[in-house]
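Student: I have a model open and want to go through it piece by piece. Can we start with the pockets?

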Amino acid sequence: MEHRDCNYYDAHAADVNLEEITSSAQNAKNLQRLRDGDPTLSHLMLGRGAWGGYSYFGVGDDFGWLGYFIGRSQCLRELRIYCLPEGNEGHAFMEGIARNQSIREIFVCNYLTNCSVGFTSIMRVLHSLPQLEGLDIQDSRRFGPDGWSELRTLLESGVYKLQQLRLSGNYYIGDPGVGILSNRLRGIGSSLKVLALRSNFIGNDGLLAVVEALANCSSLEKLDLSRNDFSFAEAGLGSLSGWLQRDEVNLKSLHLQCCRINDEGLRVVAQGVANHCEELDLDENRTFAATGLSYLSNTIRSDSCRVKTLHLELIPIIANDWLEVLARGLADNKSVRLLYLDDSDLDNDITVASAGWIAFSTALCDTCSVNSTYLSNRTIIDICQKEDEAIARPRENTLRRDISQYLRLNREHPQYAARCKILMNHPHLDMEPLLYWGLKFLPLAVAWFEISKVCTKLTIYDEDLDSRRLVLEESDGTFQSRELTAMYEFIRGMPTEAMKRRKELIVAAHDGNDEI
């Protein structure tokens, strides 16, 4: 393609035949939408088939014109780059990108032709996009040292107020590179909300450098260090735990998937993470054993635990009979709502009757006494598997029936879950322990039954998830009989006191029902 400058494109923009400069009628239509400022065209993808609502451009499209219209667009928000043209066409495309003022996110992948040169040119153009909020560079093994040098210069310049930075699969980072990169993070730390450094050959020294840089990242909400090697990174993980416990830190999500964390590593990081993060991803860490899991279990049973989502997939917890260890922590936990476990083990019918699953059922509903049932876990609502990054699917069809039922109760009727579990598992309520409180407790007992009567009307989804059934299949007459029996036993336990205060009891019971 001959050299074209901005004046050329300005002169021909109104009358250029879009079908002659695109590879398909659909792309001609998309280019027209871009030229006309269609506000619904906010995402473009270069060099890969269209998916997920992205408009696609690739081989056969004139990237010079595409760059020009991108430069003029005020509606484009995201640009995903899988390929770049070479020569004058590539140069013209980059000149157009540099003039854009609307793009907020750029994604770059290593499928670029002449990858190292193309990546370097993209990094140089980004200096002209101070409005950029998200930069995602994936599978970047072939981008080369020059491109990464440009990126470091870019971050150091202070031009950006990036909110999201994702770098993955790069041979040029590692421990030495991440140390250099971490120094540059200080320039964007105050605005950064998401930092992902997956698969970058980071070890203990690199992790220490990352944590040092995080001192300036007071707004960080998500940190993803997955698929690095922390098998000998106890010092780095301890430093990470210490950083999490600082008052100014507000990290919500920590991903340490497939990091080869051992028992000691899990011990040093568990407390800081569990007490300060809402999501913890430990998937595929097959290197810790029951000892490490016990450290985690002891941590999550604390009242200060904040973890709501816990990922433990592709770890042989069930196969190795470790579920009982995990269940002990969940029994007293008040925060975990979603638990991801190993899919292959969940599909194994033999494991359903194991001691671990029995312990898990007990954590959800301990039937040894009414008080134990009341104190059982009412927070966890699903045991799930991940089908992809965006979908969590409940695994109730492969769980014990009682566990599935308790999970549905926690999810669908959290305010009545404890009452329902008590009525389901304790047909006869022993009133003797309550006699210690005397007759003043009787109105409270009456009120408890009145409130709990709603449990006979509540429904939950059945096993097939297509129909609903009653939680407590009990008639009004049966429920009333249960209530009268309990009251009779209560009065019988202190007949003399009841006779002395019978008038007072009538008034108290009446007032108690009015409050209900």
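Student: Which helix gives the most to the lining of the second largest pocket?
Tutor: That is α18, with four residues. This is a predicted model, where local features need pLDDT of at least 70, side-chain atom pairs count only at pLDDT 80 or more, and totals for chains, interfaces and linings use all residues. Residues are numbered from 1 along each chain as its sequence is written, and side-chain values use heavy atoms, with hydrogens and water left out.

Student: What do pocket and lining stand for here?
Tutor: On a 1 Å grid over the protein atoms alone, a pocket is an open set of points with protein on both sides within 12 Å along at least five of seven lines; a cavity is a set where a 1.4 Å probe fits but cannot get out; lining residues have an atom within 4 Å of a point.

Student: What volume does the second largest pocket have?
Tutor: About 600 Å³, a volume being the space filled by probe spheres set on the points, which are joined across faces, edges and corners.

Student: Which residues lie nearest its centre?
Tutor: Val370, Ile422, Leu434, Phe441 and Trp448, out of 20 that line the pocket. Two or more lining residues come from each of α15 (370–375), α17 (417–425) and α18 (442–452). Helices (H or I, at least four residues) and strands (E, at least two) are DSSP runs, numbered from the N terminus.

Student: How does the pocket lining divide by class?
Tutor: Into 14 nonpolar, three polar and three charged residues. Ala, Val, Leu, Ile, Met, Phe, Trp, Tyr, Cys and Pro count as nonpolar, Asp, Glu, Lys and Arg as charged, and the others, Gly among them, as polar.

Student: Now cavities. How many are there of 30 Å³ or more?
Tutor: Three. The second largest holds about 40 Å³ of space, and its lining has nine nonpolar residues, no polar and no charged ones.

Student: Which element gives the most to that lining?
Tutor: α4, with three residues. The lining includes Phe93, Met94 and Ile97. β3 (78–81) and α5 (115–125) also give two or more.

Student: What does α4 pack on, and at what angle?
Tutor: Helix α4 (residues 87–98) packs with helix α3 (residues 63–72) at about 5°, the axes 7 Å apart. Axes are lines fitted to C-alpha atoms, for helices over the stretch in contact, and angles run from 0 to 180 degrees between N-to-C directions. The two helices are therefore roughly parallel (angles under 35 degrees; over 145 is roughly antiparallel, 65 to 115 roughly perpendicular, the rest oblique).

Student: Which residues make the contact?
Tutor: Among them are Phe63, Leu66 and Tyr68 of α3 and Ala92, Phe93 and Ile97 of α4, with contact meaning heavy atoms within 4.5 Å. The contact has seven nonpolar residues, four polar and one charged.

Student: And how do α12 and α14 pack?
Tutor: Helix α12 (residues 323–331) and helix α14 (residues 355–364) also meet at about 5°, with axes 8 Å apart. Their contact has nine nonpolar residues, one polar and one charged.

Student: Last topic: what does the pLDDT average?
Tutor: 84, with 83% of the residues scoring at least 70; pLDDT is the predictor's confidence in each residue, from 0 to 100. Of the elements, strand β14 (residues 391–394) has the lowest mean, 50, and strand β9 (residues 253–255) the highest, 98.
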